[in-house]
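Here are some short exercises to work through with the model open beside you. Try each task yourself before reading its solution.

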Amino acid sequence: MMKKFDENYILLSDMRHDEYFPEFLVDKVEALIKGVITLLEGGEKNLDTVQKALDKMTLAINDLQEEFEDNDSEIETAARDSIGETIEYVLKWFDIDIDIETAIAERDW
């Protein structure tokens, strides 16, 4: 049976509530995470496939760093923690046994 993601969970909650992070950029990070959620909602359980999607997501978040800097912001500790907590929650929700450090190993933030 396919499982829908927790509709009560606020993705990137800490970034959403911090004016340091421009809302439109938080939206871009959220959209990348939602791509992984969509894959998991579709029933994907293959760890290699899920990790490839996480790597793609993480590399795309890496690519947003310059845009954050252009808007007087950066992907720093609070953002790292918020992204990490969100991804960890998503993986637990879908019972995907990938450690958070492995999940976002491609990060350069």
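Helices here are DSSP runs of H or I with at least four residues, and they are numbered from the N terminus. Keep in mind that this is a predicted model.

**Exercise 1. A residue in a loop**

Task: Find where Asp72 is located, and decide whether Asp72 is buried or exposed.

Solution:
- Step 1. Asp72 sits in the loop between α4 and α5.
- Step 2. The relative accessibility of Asp72 is 67%. Exposed means over 50%, so Asp72 counts as exposed.
- Step 3. Now look at the backbone: phi of Asp72 is near 55°, a positive value in a residue other than glycine. Most residues other than glycine have a negative phi.

**Exercise 2. Another positive phi**

Task: Locate Leu12 and work out whether Leu12 is buried or exposed.

Solution:
- Step 1. Leu12 belongs to the segment before α1.
- Step 2. Leu12 is not a glycine, although its phi is positive, at about 55°.
- Step 3. With a relative accessible area of 0%, Leu12 is buried.

**Exercise 3. Who touches Ser73?**

Task: Which residues is Ser73 in contact with, leaving aside its neighbours within four places in sequence?

Solution:
- Step 1. Start with the location: Ser73 is in the loop between α4 (65-70) and α5.
- Step 2. Ser73 has 4% relative accessibility and counts as buried.
- Step 3. Once the neighbours within four places in sequence are set aside, Ser73 is in contact with Tyr20, Phe21, Pro22 and Phe68.
- Step 4. Take Phe21 as an example: Ser73 and Phe21 are 52 residues apart in sequence, and their C-alpha atoms are 6.0 Å apart in space.

**Exercise 4. A salt bridge between distant parts of the sequence**

Task: The structure holds six salt bridges. Which parts of the chain does the salt bridge of Lys4 and Glu41 tie together?

Solution:
- Step 1. Check the distance: the closest N and O atoms of Lys4 and Glu41 are 3.9 Å apart. The cut-off for a salt bridge is within 4 Å, and the pair does form one.
- Step 2. Lys4 is in the segment before α1 (13-16) and Glu41 is in helix α2 (residues 23-41), so the pair links parts that are 37 residues apart in sequence.
- Step 3. Compare the surroundings: Lys4 is exposed at a relative accessible area of 62%, whereas Glu41 is buried at 19%.

**Exercise 5. A salt-bridge network**

Task: Follow the salt bridges of Glu30 with Arg16 and with Lys34, and name the network they belong to.

Solution:
- Step 1. Arg16 and Glu30 meet in a salt bridge, with 2.9 Å from N to O. Arg16 lies in helix α1 and Glu30 in helix α2, so this pair ties together parts 14 residues apart in sequence.
- Step 2. Arg16 is partly exposed at 30% relative accessibility, while Glu30 is buried at 14%.
- Step 3. Lys34 also meets Glu30 in a salt bridge, at 3.0 Å from N to O. These two are four residues apart in helix α2, which means about one helical turn separates them.
- Step 4. Lys34, at 40% relative accessibility, is partly exposed. Through shared partners, salt bridges join Arg16, Asp27, Glu30 and Lys34 into one network.

**Exercise 6. A charged patch**

Task: Which helix gives the most to the negative patch?

Solution:
- Step 1. List the members: Asp14, Asp18, Glu19, Asp81, Glu85, Glu88, Asp97 and Asp99 form a negative surface patch.
- Step 2. Helix α5 (residues 77-93) gives the most, with three residues.
- Step 3. Glu19, one of the members, is in the loop between α1 and α2 and is exposed, with a relative accessible area of 81%.

Definitions and conventions
Residues are numbered from 1 along each chain as its sequence is written. This is a predicted model: local features need pLDDT of at least 70, side-chain atom pairs count only at pLDDT 80 or more; totals for chains, interfaces and linings use all residues. Side-chain values use heavy atoms; hydrogens and water are left out. A salt bridge is a side-chain nitrogen of Lys or Arg within 4 Å of a carboxyl oxygen of Asp or Glu. Buried means under 20% relative accessible area, exposed over 50%, partly exposed in between (1.4 Å probe, protein chains only). Patches are made of residues with over 30% relative accessible area and no salt bridge: like charges are joined within 9 Å, nonpolar side chains (Val, Leu, Ile, Met, Phe, Trp, Tyr) within 5 Å. Accessible areas come from the Shrake-Rupley method with a 1.4 Å probe; for residues, only the protein chains shown count as cover. Lys and Arg count as positive and Asp and Glu as negative; His and the chain ends are not counted. The place of a charge is taken as NZ of Lys, CZ of Arg, CG of Asp or CD of Glu. Contact means heavy atoms within 4.5 Å.
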